[in-house]
Amino acid sequence: MSNQENKEFLSDEKVDELIKLAKEGDNDAWMSLYNNYERYVWFRVEELSKGVANDKNSKDDLFEDGWCGFVDALRNYDPQKGKLSTFAKKYIDGEIIKGIKRETNPLGIKGLPKEGGKLKRVSYEDAHELHPALAAEIESAIEKSKEPVSRLTKADLDLKEPEDKSLYSGEAKNTLQIMEVLRLLTDEKHSLTKAELAEQLHTYRAGKYLLDTPIIPDNTITSLMDKILSEVNPDRYIEEDVENEIKSNDGDYRIKYSGYKEDALWKKTHKEKGEKAPAITEFRYTHKLDYDALDRLIQIITFSDFLSYEMKNDLIDRLVSLGSVYYESEFWDGEKLKFNPNGIHGRFTKRNMQGGPDVMKNIRVIQEAMNKAAQVRFKFNRYTEDYGMVHKTEWWHTLSPYHLVVYQDRYYCIGLRGENDTGNPLIKTYGYDTSVTMKEHLEKERIWHYRVDLMSDVEIRLDENGNRVPMRVFSFQGLPIQNINWNPEKYMAEHMNMAFDKPRPIRLKIKNTDYTMLHDWFGDHYRKTVIDCEDGYDIVEVTCSPFMMVHWAMQYGDAVEVMDEELRKQIREEAERMVERYGK
């Protein structure tokens, strides 16, 4: 930030101090940072959007863009390379500018000057930057005229509409250009009227040919669209008839428009009578992959354990390009994967990922919350005897989501639990004795693992003013505002079956031919010790959840022996209970 900007914001020294404390789990320090940069992002939105975005909703969207930029900056910040204020500004401004371009120039035409929201004629200077070869032709023409350049005004050098209109138009080119504009700027959520289509076609041509072409008249658009629709759409609309096994041909309509079903029926019954057809407008292109399909495919790629970061980026980039310019994914920022370059963390490779539409929706909301450093709230559920699902309680669970992981084909969210939305701090949520103090409640805070498939009604948590509630920080090595190399595979190996209790080193005796079993559960996160052991056996050490180790050791009782005395006692007690239950 400049000195002028710093008058209202924290100093660089204070910011550095707060970052250090926040990364150690000091939530008060994190909130000070959060509030400071929330105000700063709004400041940058106001500065960058002057004369461009006056609508409140537009500015709200730009703030969300800028805030994601700040969170991304915080995760990538290296104190050795300068101050956060300078580092974050680049990220914040970059995301806000991308948002402005998305609103003011959805076709992504680069460098073309605007005047009052309309496209200005492309000047010589613009042509020189965008199309050097064309600029060279202008320079050559000037030279041949032998007229001093100083006598030529900028207006004289503006590119005019050429006499040969075949350079940019003609029925074939018109058709292709219209299809491309519809493909880029329309989808199931966005459409274009005839007037808007003509205006965007004008912009498209200006960007492609660097020419100030005329706007196509309304009747010409109507004629062109009628020909296009008759070629790419079915002649008539078929309603679905389940009883007679007749399927609707709705999915065969390449370009839809207002009343396309009724219009197709009219053509069938009235066309030969010479009656005037109903007006058609609000055109939208039917993409092969709609929003839901793109979401699912991108999530599957993101979750994959056997694709490299580069392969994921390449595949997602291709998928996003198949949609309109309006499609956005919480996992993709337009150039790379968001939040974590590995996407959803997994224990091993080549897992058979599964999950229904509710799981995919939950993951998308959680990912959005992580991108914005916000909390989520949700209901937690259990299965019933008839394979349905019901809430375990009616309480709202709240969570500061830190990571999404895949463990044995199930999705888990790792995060810090918080107070519930009823305003009763932690008591109902945790189930602690109500006689203990709030301080004691807070001292019992720890990282939790939630199965995503058992979550429902997942949403970003908002305060009484409708603002999202920021995540809370905790002394956790994988804190998302850290830029350290947290190892998710090691974490999951230490938390067998995603158990909550604190992992600790545990020694095991195994046959020296049984390392495959150990590797299946702990990956590369075990260590052979130098402790003497009988021939054919080794003493190895793993770091793991003690609670789960008891049950795991009983499962592999014929192949492993736990050497930890405390756990041996627990295993004996558990074995005795099993004997008592099942008899001799």
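**Note on the predicted model: cavities, aromatic contacts and backbone**

1. The structure holds 2 cavities of 30 Å³ or more. The model under review is a predicted one. As general background, rolling a probe the size of a water molecule over the atoms shows where empty space is left.

2. The second largest cavity contains about 30 Å³ of space. Its lining is made up of Asp187, Glu188, His287, Leu289, Asp290, Tyr291, Leu294, Gly323, Ser324 and Tyr327. By residue type, this lining comprises 4 nonpolar, 3 polar and 3 charged residues. Among the charged ones are Asp187 and Glu188, while Leu289 and Leu294 are among the nonpolar ones.

3. Aromatic contacts are the next topic. A total of 29 aromatic pairs is found in the structure. One of them joins phenylalanine 9 to phenylalanine 43 in an edge-to-face arrangement, with 5.9 Å centre to centre and 65 degrees between the planes. Phenylalanine 9 belongs to the loop between helix H1 (3–6) and helix H2 (12–23), and phenylalanine 43 to helix H3 (residues 27–48), so the pair ties together parts that are 34 residues apart in sequence.

4. How do these two rings stand with respect to solvent, buried or partly exposed? Phenylalanine 9 has a relative accessible area of 9% and is therefore buried, the cut-off for that class being under 20%. Phenylalanine 43, at 27% relative accessibility, is classed as partly exposed.

5. Another pair is formed by tyrosine 257 and tyrosine 260. Their ring centres lie 6.3 Å apart and their planes stand at 65 degrees, so this pair is edge-to-face; the class requires an angle over 60 degrees. Tyrosine 257 is buried, at 3% relative accessibility, and tyrosine 260 is buried as well, at 7%.

6. Phenylalanine 9 and phenylalanine 43 are also members of one aromatic cluster. The cluster further includes Trp30, Tyr34, Tyr37, Tyr40, Trp42, Phe63, Trp67 and Phe70.

7. Which residues place a charge over the face of tryptophan 396? Arginine 377 does so at 3.7 Å from the ring centre. Lysine 379 lies over the face of tryptophan 396 too, at 4.6 Å from the ring centre.

8. A search of the whole structure for disulfides returns 0. Two cysteines may be described by their accessibility. Cysteine 68 is buried, at 16% relative accessibility, whereas cysteine 533 is partly exposed, with a relative accessible area of 27%.

9. The backbone deserves a remark. Most residues other than glycine have a negative phi. Aspartate 457 has a positive phi, near 55 degrees. This aspartate 457 is located in strand E11 (residues 455–460) and is partly exposed, at 41% relative accessibility.

10. Where does methionine 498 lie? Methionine 498 is in the loop between helix H18 (488–494) and strand E12 (504–511). Its phi is also positive, near 60 degrees. With a relative accessible area of 4%, methionine 498 is buried, whereas aspartate 457 counts as partly exposed.

Technical notes. Residues are numbered from 1 along each chain as its sequence is written. This is a predicted model: local features need pLDDT of at least 70, side-chain atom pairs count only at pLDDT 80 or more; totals for chains, interfaces and linings use all residues. Side-chain values use heavy atoms; hydrogens and water are left out. On a 1 Å grid over the protein atoms alone, a cavity is a set of points where a 1.4 Å probe fits but cannot get out, and a pocket is an open set with protein on both sides within 12 Å along at least five of seven lines; lining residues have an atom within 4 Å of a point. Grid points are joined across faces, edges and corners, and a volume is the space filled by probe spheres set on the points. Rings of Phe, Tyr and Trp (its six-membered ring) pair if their centres lie within 6.5 Å; planes under 30 degrees apart count as stacked, over 60 as edge-to-face and the rest as tilted. Helices (H or I, at least four residues) and strands (E, at least two) are DSSP runs, numbered from the N terminus. Buried means under 20% relative accessible area, exposed over 50%, partly exposed in between (1.4 Å probe, protein chains only). A charge sits over a ring if NZ of Lys or CZ of Arg is within 6 Å of the ring centre and within 35 degrees of the ring normal. A disulfide is a pair of cysteine sulfur atoms within 2.5 Å.
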